[in-house]
Amino acid sequence: MFVNPDWISDHAGMVRVLVLCGTGDAIELVAKLSEISDIEVIASLAGRTRQPASLTGTVRIGGFGGADGLTTYLQTQKIDYLIDATHPFAIQMSDHAVAATKAVGIPSVMLVRPAWEKVSGDRWIEVESVEAAVQAIPVTAKRIFLTIGRQQLAPFTTLKEPWFLIRSIESSDVVIPNSKILLDRGPFSLDRERQLLRDDRIDLIVSKNSGGEATYAKVVAARELDIPIVMVQRPVMPNVEQVESVDRAIDWLQDRLKGKFN
Ligand code: NAP
């Protein structure tokens, strides 16, 4: 892939890397990249959370203004590489990243944790979208643990019967009357998830298939307690190079930097 050599020399020999954030992996990636000499990291946040987790180095907040806006940003900020470490459900941002990096001609990679795989004992009802999850909730479900974040709660307001335990990092403007709000940020331990499911007598979980370890304990706890999960499957991701871990993302970048600085 073509990299404009002027861009690299323009910022005093530093390679400028834009990391699209929004996950725990992104935080770890930014911290690790910041420790590598000759790399300047710019961490980009959508600005959804009022109190985002702390990030090292340069941080920018807010949308770019679509794929065209990101293209302009990459050009004006002379970005050399882009690592898309957004959540697997943040598909619009990922699509824009692919379009913009192609337009500018810089290498990019997606850091995507593998999806969780259903194993023996799991009682998953797999659905394509949050809206489909609402339709898939059995009438027998009375106490539902809703763990899909706070941005897509609106479709659940149509359900009048069940009680909801809603866990998210920050509160939502959407009010589900028959509910309890639990504001919390992962990772969550298995002991805690087990306790929570028992204490609130949960009989169904609604989750996105986010993958990764930080929020997997609820899946294990559900398996142990024989609780079904309505599992929202991931959207189709853009056809672009992917790595599965923070360390592989660093390897990807270092492979591309080989020979530039030694
Ligand atoms: P999305 O639908 O893919 O993106 C919507 C718009 O938000 C994008 O077009 C972009 O605006 C802006 N945006 C998203 N991520 C950005 C970033 N890292 N830096 C700058 N702008 C960004 O995303 P979403 O599902 O609303 O998620 C928003 C953020 O929350 C993402 O960073 C994602 O990683 C994180 N998150 C999402 C979920 C989820 O379930 N969707 C779960 C956990 C965390 P412009 O078009 O103006 O550039």
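1. Start at the end of helix 6: the residue to look at is R201, which follows that helix and has a positive phi, near 45 degrees. Keep in mind while reading that this is a predicted model. As background, most residues other than glycine have a negative phi, and most peptide bonds are trans. That makes a short list of backbone spots worth a look, and I come back to the others in points 3 and 8.

2. Now helix 6 itself, residues 190-199. Its buried residues are E193, R194, L196 and L197. Around the axis they cover an arc of only 165 degrees, so they sit on the same side of helix 6. The face turned away from that buried side carries D191 and D199, both exposed. As for what lies over the buried residues, the cover includes strand 7 (143-147), strand 8 (163-168), strand 9 (179-183), strand 10 (204-208) and helix 7 (217-225).

3. Going back along the chain from helix 6, there is a loop between strand 9 and helix 6, and P187 lies in it. The peptide bond from G186 to P187 is cis, with omega near 5 degrees.

4. Helix 7, part of that cover over helix 6, holds K218. Is this lysine buried or exposed? K218 counts as buried, because its relative accessibility is 4% and the cut-off for buried is under 20%. Apart from neighbours within four places in sequence, K218 is in contact with W116, T147, R167, E193, L197, I205 and S207. Two of these names, E193 and L197, appeared above among the buried residues of helix 6. For a sense of distance, K218 and M93 are 125 residues apart in sequence, and their C-alpha atoms are 27 Å apart in space.

5. Helix 2 (residues 24-34) can be read in the manner of helix 6. The buried positions here are D25, A26, L29, V30 and L33. Looking down the axis of helix 2, these fall within an arc of 130 degrees, so they line one face of the helix. The general geometry helps here: an α-helix has 3.6 residues a turn, so residues three or four places apart point the same way. Which elements do the buried residues of helix 2 pack against? They pack against strand 1 (15-20), strand 2 (39-45), strand 4 (81-84), strand 5 (108-111) and helix 8 (246-257).

6. Strand 5, one of the partners of helix 2, contains S108. With a relative accessibility of 13%, S108 counts as buried. Not counting residues up to four places away in sequence, S108 touches L82, T101, V240, E241 and W252. S108 and Q242 are 134 residues apart in sequence, yet their C-alpha atoms are 9.1 Å apart in space.

7. Next, T71, in helix 3 (residues 66-76). At 14% relative accessibility, T71 counts as buried too. Leaving out neighbours within four places in sequence, its contacts are A100, A103 and V104. T71 and A100 are 29 residues apart along the chain, and 4.6 Å separates their C-alpha atoms.

8. Two aspartates belong with R201 on the backbone list. D38, in the loop between helix 2 and strand 2, has a phi near 75 degrees, a positive value in a residue other than glycine. D38 is partly exposed, with a relative accessible area of 31%. D226 sits in the loop between helix 7 and strand 11 (229-232), and its phi is also positive, near 60 degrees. At 47% relative accessibility, D226 counts as partly exposed.

9. Finally, the overall picture. The chain has eight helices and twelve strands. Its radius of gyration is 20 Å, which agrees with the value near 18 Å that a compact globule of 262 residues would have. Along the principal axes, the C-alpha atoms fill a box of roughly 65 × 35 × 30 Å. Of the 262 residues, 48% count as buried. Among contacts with a separation of 6 or more, 68% are between residues 24 or more positions apart.

10. A last word on the surface and charges. The accessible surface comes to about 12,800 Å², and 50% of it belongs to carbon and sulfur atoms. The chain carries 29 positive and 33 negative charges, and the mean positions of the two sets are 5 Å apart.

Note on methods
Residues numbered from 1 in each chain as written. Predicted model: local features only at pLDDT ≥ 70, side-chain atom pairs only at ≥ 80, totals over all residues. Heavy atoms only, no water. Helix = DSSP H or I, 4+ residues; strand = E, 2+ residues; numbered from the N terminus. Rg over C-alpha atoms; globule rule 2.2 N^0.38 Å. Buried < 20%, exposed > 50% of the residue type's maximum accessible area, 1.4 Å probe, protein only. Contact = heavy atoms within 4.5 Å. Areas by Shrake-Rupley, 256 points an atom, 1.4 Å probe, with all protein chains shown as cover. Lys, Arg positive; Asp, Glu negative; His and termini not counted. Charge placed at Lys NZ, Arg CZ, Asp CG, Glu CD. Arc of directions from axis to C-beta.
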